[in-house]
Amino acid sequence: MGEDVRVLLVDDQELVRYGFRLLLDAEPGLVVVGEAADGAEAVGLVQRVRPDVVLMDVRMPGVGGIEATRRITSLRPDVRVLVLTTYDLDEYAFGALGAGAAGFLLKDTRPADLVAAIQAVASGDAVVSPRITARLIEVAAPHLGVRRDADAEQALSELTPREREIFVLVGRGATNGEIAASLYLSESTVKANVGRVLAKLELRNRVEAVIRAYELGVVGH
């Protein structure tokens, strides 16, 4: 077994943080290492408590979730930010994805799915609520600032057939486990291929890969 996934909770409501702490501390393999009531406090805590995953609210007084996500991913690219929001059409949350968040879930997500999402982003996956995957493509693309240029087209042509196959599945929102099952590969092989795809296409994470796959016509509307 590996080390526990270290989680930092960021939400301006103390009761919400308390509930998340109770849930996560009861889960084997997860440990809450800190709490922050706003984005500025979260940025400082990331430097001190060194979490693996930050569970980030979007709308907070002072420094909100988008700016906090941007600062955290800039200072600590190894830290994974999982955004939680009440609204599935919250463009602030889409902006957080553009700032480098590794995932986006609704606050009514089932506890078991939240735990699974934290574990997934900690291992390098991206997580987007199934209810908003299509909406992410429709609404978020103009806000993410993903480049569309000849270099990207050239990089796409340099993907191997297997990498392109995996890129298509990533673009459809599949996790490493789902891709592995679909292509009869090990998850470690899938993870290595996903890493090569992201590097060749100069993408920060799998969320950007979904948008790029849509923009390049690899997946449909």
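A residue counts as buried under 20% relative accessible area and as exposed over 50%. Keep that cut-off at hand for the exercises below, which use a predicted model.

**Exercise 1. Get an overview of the chain.**

Solution. Start with the secondary structure: there are 11 helices and six strands. Next, take burial: 52% of the 221 residues count as buried. Then turn to the surface, where the chain has about 10,700 Å² of accessible area, with 51% of that belonging to carbon and sulfur atoms. Finally, consider contacts with a separation of 6 or more: residues 24 or more positions apart account for 67% of them.

**Exercise 2. Decide whether Leu15 is buried or exposed, and find its surroundings on the surface.**

Solution. Begin by locating Leu15: it lies in helix α1, residues 14-25. Its relative accessibility is 70%, so Leu15 counts as exposed. Now look at the surface around it: Leu15 forms a nonpolar patch with Tyr18 and Leu22, and together they have about 370 Å² of accessible area.

**Exercise 3. Check the length of α1 and work out how its two faces differ.**

Solution. First, the length. With 12 residues at 1.5 Å a residue, α1 should span 16 Å, and its end C-alpha atoms are indeed 16 Å apart. Second, the buried residues of α1 are Arg17, Phe20 and Leu24. They sit on the same side of α1, because their arc around the axis is only 65 degrees. A general rule helps here: an α-helix has 3.6 residues a turn, so residues three or four places apart point the same way. Third, ask what the buried residues pack against: β1 (5-10), β2 (30-36), β3 (53-57), β4 (80-85) and α5 (111-122). Last, turn to the face away from the buried side, which carries the exposed residues Glu14, Leu15 and Leu22.

**Exercise 4. Repeat the analysis for α10, then step just past its end.**

Solution. Helix α10 covers residues 187-200; its 14 residues should span 20 Å, which agrees with the 20 Å between its end C-alpha atoms. Its buried residues are Val190, Asn193, Val194, Val197 and Leu198. Seen down the axis, these fall within an arc of 140 degrees, so they line one face of α10. What covers them includes α8 (161-171), α9 (176-183) and α11 (206-215). On the face turned away from the buried side you will find the exposed residues Ser188 and Ala199. Just after α10, check the backbone at Glu202: its phi is positive, about 55 degrees.

How values were computed
Residues numbered from 1 in each chain as written. Predicted model: local features only at pLDDT ≥ 70, side-chain atom pairs only at ≥ 80, totals over all residues. Heavy atoms only, no water. Patch = residues over 30% accessible without salt bridge, like charges linked within 9 Å, V, L, I, M, F, W, Y side chains within 5 Å. Areas by Shrake-Rupley, 256 points an atom, 1.4 Å probe, with all protein chains shown as cover. Salt bridge = Lys/Arg side-chain N within 4 Å of Asp/Glu carboxyl O. Helix = DSSP H or I, 4+ residues; strand = E, 2+ residues; numbered from the N terminus. Buried < 20%, exposed > 50% of the residue type's maximum accessible area, 1.4 Å probe, protein only. Expected span 1.5 Å × (residues − 1). Arc of directions from axis to C-beta. Contact = heavy atoms within 4.5 Å.
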